Every structure is written in structure tokens, then in C-alpha cells.
Amino acid sequence: MCLLCHQTLTNEIMKPSRLKNHFDVKHSDKKDMPLSYCLQLSFSFKKKIQTFKTLLQETSKQENDRLIVSYNIALLVAKSGNSHTIGEILLCPFIKEVLSTIMHKKTDCIMKKIPLGNNKISRRIN
């Protein structure tokens with residue numbers, strides 16, 4: 001990728017002669033820039049990539065946590081021997097109360113992420 005124009009370059013363009021041609025044609029105004037300028041561009045680009053990777057990892061971790069919670073609750077429901085609707089009837093209000101009273105968190109967005117419906121619990125138990 002060209003750090004100046006953010007254009008993705010093919011393997012063919014990565015040949016030194018083609019890179020020089022790209023630079024001369026598209027970035028002739030930057031010809032006299034010092035090396036420190038290019039190094040700063042490289043550093044800022046690497047920093048942006050790290051930030052993006054961190055964001056993706058956090059999102060993936062949240063998705064995994066959501067699924068783990070759902071499977072663990074399904075296991076507890078199966079061990080209790082109660083009907084599968086107990087997740088909707090008893091556990092959802094219980095979790096909402098704990099989150100709002102003790103943790104002081106908004107329950108709507110968290111509860112939407114944890115599937116505790118009868119069908120989900122049944123499928124996970126099976």
C-alpha cells in the first residue's frame with residue numbers, strides 16, 4: 001500500500017522500476033521530502049492498523065462472551081430439570097435486577113445480547 005495515496009499496489013507494481021514510476025507520476029511534489037517524513041507516515045499507518053486490530057479483537061471477545069453465557073445458562077437449565085421457558089420467565093428478570101441494582105448498568109442493551117428464549121435454550125441443550 002502506498003502510504004501517500006493509500007492505494008493498494010499489486011505485486012507487479014512492487015518492482016523497483018514500477019514503484020519509482022508510481023512515485024514520479026503520482027507524488028512528484030513529495031520528491032524533496034526528508035526521510036523522516038516517510039518514517040512518520042509509516043509510524044502513523046502502523047498505529048492505525050494496531051488500533052483497528054484492537055477494535056476487532058474487542059468485538060470478537062464480546063461476541064464470544066455472549067455465546068459462552070448463553071451456553072452456560074442452557075447447561076444450568078438442563079441440570080435443574082425445569083422447563084426451558086425458565087430462562088425467559090425467571091432468569092431474564094433476575095439478571096436485569098442484578099445488573100440494574102448492583103452493577104448500575106443499563107439492562108436493555110445487555111439483555112438483548114444474551115439469547116435466553118425457549119427455542120435457543122432447547123437447541124443448546126440438544
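Okay, before anything else, one bit of vocabulary: when I sort residues into classes today, Ala, Val, Leu, Ile, Met, Phe, Trp, Tyr, Cys and Pro count as nonpolar, Asp, Glu, Lys and Arg count as charged, and the others, with Gly among them, go down as polar. Keep that in your head, we'll use it for the pockets.

So, what you have in front of you is a predicted model. How confident is the predictor? The mean pLDDT of the chain is 79, and 98% of the residues reach 70 or more. If you go element by element, helix 1, residues 16-26, comes out highest with a mean of 87, while helix 4, residues 107-113, comes out lowest with 75.

Let's go to the largest pocket. It holds about 280 Å³ of space. Eleven residues line this pocket, and those closest to its centre are Gln62, Arg66, Ile110, Lys113 and Ile114. Which helix gives the largest share of that lining? Helix 2 does, with six residues. Helix 2, which runs over 35-80, helix 3 and helix 4 each put in at least two. Now use the vocabulary from the start: the lining of the largest pocket splits into five nonpolar, two polar and four charged residues.

Let me pick one residue out of that pocket, Ile110. You'll find Ile110 in helix 4. Is Ile110 buried, exposed or in between? Its relative accessible area is 27%, and buried would need under 20% and exposed over 50%, so Ile110 is partly exposed. Skip its neighbours within four places in sequence, and Ile110 is in contact with Leu99 and Lys105. There's also Lys96: 14 residues separate Lys96 and Ile110 along the chain, and their C-alpha atoms are 8.8 Å apart.

Leu99 takes us to helix 3, where Leu99 is one of the buried residues, together with Ile86, Gly87, Cys92 and Ile95. Have a look at Cys92 on your screen. Helix 3, residues 86-103, bends there by about 30°, and a proline, Pro93, follows within four residues. Then, just after helix 3, you get to His104, which takes a positive phi of about 55°.

On to the second largest pocket, with a volume of about 220 Å³. What lines this one? The list is Met1, Cys2, Leu3, Leu4, Leu9, Met14, Leu19, His22, Phe23, His27 and Cys38. Helix 1 supplies the largest share, three residues. Sorted by class, the lining of the second largest pocket has nine nonpolar residues, two polar ones and no charged ones.

Two histidines from that list are worth a stop. His22 sits in helix 1, and His27 sits in the loop between helix 1 and helix 2. His22 has a relative accessible area of 11%, which is under 20%, so it counts as buried. His27 is at 6%, so His27 is buried by that cut-off too. Who do they touch, leaving out residues up to four places away in sequence? For His22, the contacts are Cys2, Cys5, Gln7, Leu9 and His27. For His27, they are Cys2, Leu4, Cys5 and His22. So the two histidines touch one another, and Cys2 turns up in the contacts of His22 as well as those of His27.

Last stop, the far end of the chain. Gly117 is in the loop between helix 4 and helix 5. Buried or exposed? At 19% relative accessibility, Gly117 falls under the 20% limit, so it counts as buried. The C-alpha atoms of Gly117 and Lys96 are separated by 15 Å, with their positions 21 residues apart along the chain.

Then there's Arg124, in helix 5, residues 118-125. How much of this arginine is accessible? The relative accessible area is 18%, so Arg124 is buried. Setting aside neighbours within four places in sequence, Arg124 is in contact with Leu67, Ser70, Tyr71, Ala74 and Pro115. And if you draw a line from the C-alpha of Arg124 to that of Leu91, 33 residues away along the chain, you get 16 Å.

That's my tour. If you want to retrace it, start at Ile110 in helix 4, go to the bend at Cys92 in helix 3, then to His22 in helix 1, and finish at Arg124 in helix 5. Thanks, everyone!

Definitions and conventions. Residues are numbered from 1 along each chain as its sequence is written. This is a predicted model: local features need pLDDT of at least 70, side-chain atom pairs count only at pLDDT 80 or more; totals for chains, interfaces and linings use all residues. Side-chain values use heavy atoms; hydrogens and water are left out. pLDDT is the predictor's confidence in each residue, from 0 to 100. The bend at a residue is the angle between axes fitted to the seven residues ending there and the seven starting there. Buried means under 20% relative accessible area, exposed over 50%, partly exposed in between (1.4 Å probe, protein chains only). Contact means heavy atoms within 4.5 Å. On a 1 Å grid over the protein atoms alone, a cavity is a set of points where a 1.4 Å probe fits but cannot get out, and a pocket is an open set with protein on both sides within 12 Å along at least five of seven lines; lining residues have an atom within 4 Å of a point. Grid points are joined across faces, edges and corners, and a volume is the space filled by probe spheres set on the points.
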